[in-house]
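Here are a few notes to go with your first look at this chain. I'd take the inside first and work outwards from there.

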Amino acid sequence: MARLDQVITNIVDIFLEYADDEGKKHQLNKEELKKVLQKEIQSPELKQKINADDIEEAMEMLDKNHDGEVNFREFCRCISDLAKCYYHKKTGRGGKRSKGKEEGEED
Ligand SMILES: [Ca+2]
Ligand SMILES: [Ca+2]
């Protein structure tokens, strides 16, 4: 598989593997979210961004529609935030700019 194929299938497979573990299917509850963050994120700077030790806060941050679970859309947003975090670190560009929006920040 090409690298992006791999990344994309990984994101979906990882989500489903944890989300279908208990409770509702295709939704990560607090316990599932904690497990996925603990097991699938190891790099310190990404761990710093989303802390599995304070799962209440992580859930609050990710659960955009406030239904107490993280759905696939919310999970994707989390991955995209982590990717941006790594990108900024790698390119040395600071976080969000205050002036204008040039990289299509949505809502
Ligand atoms: Ca579940
Ligand atoms: Ca939600």
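1. Start with the core. This is a predicted model, and its largest nonpolar core has 11 residues: F15, Y18, A19, L28, L33, V36, L37, A58, V70, F75 and C78. Three helices each supply at least two residues of this core, namely α1 (3-19), α2 (30-40) and α5 (72-91). As background, nonpolar side chains tend to be buried together in soluble globular proteins.

2. Have a look at L37, one of the core residues. Leaving aside residues up to four places away in sequence, L37 touches I50, A52 and A58. A58 belongs to that core as well.

3. Now the overall layout. You'll find five helices and zero strands, so to speak a plain α-α-α-α-α run when read from the N terminus. Of the 107 residues in the chain, 12% are buried. Take the contacts between residues at least 6 apart in sequence: 43% of them join residues at least 24 apart.

4. There is an annotation to check against the model. UniProt, in an unreviewed entry, places "domain: EF-hand" at residues 50-85. In the model, that span is 61% helix and 0% strand, and its end C-alpha atoms lie 11 Å apart.

5. How far does the confidence go? The average pLDDT of the chain is 90, with 87% of the residues scoring at least 70. Among the helices, α1 has the highest confidence, at 98, while α3 (residues 44-49) has the lowest, at a mean of 92. Do keep in mind that predicted coordinates should not be read in detail where pLDDT is low.

Key:
Residues are numbered from 1 along each chain as its sequence is written. Chains are lettered from A and ligands numbered from 1 in the order in which they are written. This is a predicted model: local features need pLDDT of at least 70, side-chain atom pairs count only at pLDDT 80 or more; totals for chains, interfaces and linings use all residues. A nonpolar core is a set of buried Ala, Val, Leu, Ile, Met, Phe, Trp, Tyr and Cys residues joined through C-beta atoms within 7 Å. A residue is buried if 20 or more other C-beta atoms lie within 10 Å of its own, exposed if 12 or fewer, and partly exposed in between; C-beta atoms are placed from the backbone. Helices (H or I, at least four residues) and strands (E, at least two) are DSSP runs, numbered from the N terminus. Two residues are in contact if their C-beta atoms, placed from the backbone, lie within 7 Å. pLDDT is the predictor's confidence in each residue, from 0 to 100. UniProt positions are given in the numbering used here, feature names are shortened, and annotations may be inferred rather than shown by experiment.
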